[in-house]
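Student: I am new to this structure, and I would like to go through it with you step by step. Could we begin once it is in front of us?

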Amino acid sequence: MRNLLFSTALLFGSSVAAFAETVEVEMLNENDAGDRMVFGQELIRAEVGDVIRFVPTDRSHNAQSVKDALPEGQEAFKGKTNNEVEYLVTETGLTAVVCLPHQSMGMVALIVVGNDVSNAQQVLDARIPGKGKDKIAALVAEAQATLP
Ligand SMILES: [Cu+2]
């Protein structure tokens, strides 16, 4: 029965709900590589219908989108410090995510939906302070360089 359901879902591949996933991204004081104040994943690939859940593994972090650095029609989001927040993906394109207290230290991430990088310039032009801006630029370049 499970196989049959799976095959049916494959057959109707455009019905994204069948494949919707929840992607968990931790908010960390330090990752395994020893980088401090970071998101567990910095280049986050997703598809329309997925949910991206930012989890406060360590304290004093939040996750939020950046003005003008998300796809047209995509709803902005802003999590409270020490709180989980979910981002429901409704549009393809790039979204810059920052931790407000640590963005200037480089605590940022980039969501890439549907391998669509058409709003890259808006994301590069968005107001992100300090090291966050450099890391977003590197992540945009990585997203552009690794398109399938
Ligand atoms: Cu933080």
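Student: In this predicted model, which residue forms a salt bridge with arginine 53, the closest N and O atoms being 2.8 Å apart?

Tutor: The pair links distant parts of the chain, with arginine 53 in strand β4 (residues 51-55) and its partner in strand β1 (residues 22-30), 29 residues apart. The partner counts as partly exposed, at 48% relative accessibility. The residue that forms this salt bridge with arginine 53 is glutamate 24.

Student: Glutamate 84 and arginine 53 also meet in a salt bridge, so how many residues apart in sequence are the parts that this pair ties together?

Tutor: The side chains of glutamate 84 and arginine 53 meet at 3.6 Å, N to O. Because glutamate 84 lies in the loop between β5 (64-65) and β6 (85-88), while arginine 53 is in strand β4, the parts tied together are separated in sequence by 31 residues.

Student: Which residues are linked in a network of salt bridges?

Tutor: Side chains of opposite charge can pair when their charged atoms come close. Here the network of salt bridges links Glu24, Arg53, Glu84 and Glu86.

Student: Is valine 117 buried or exposed?

Tutor: Valine 117 is found in the loop between β8 (108-113) and α2 (120-125). Leaving aside its neighbours within four places in sequence, valine 117 is in contact with Leu94, Ala143, Gln144 and Leu147. Its relative accessible area is 17%, and since the cut-off is under 20%, valine 117 is buried.

Conventions
Residues numbered from 1 in each chain as written. Predicted model: local features only at pLDDT ≥ 70, side-chain atom pairs only at ≥ 80, totals over all residues. Heavy atoms only, no water. Helix = DSSP H or I, 4+ residues; strand = E, 2+ residues; numbered from the N terminus. Buried < 20%, exposed > 50% of the residue type's maximum accessible area, 1.4 Å probe, protein only. Contact = heavy atoms within 4.5 Å. Salt bridge = Lys/Arg side-chain N within 4 Å of Asp/Glu carboxyl O.
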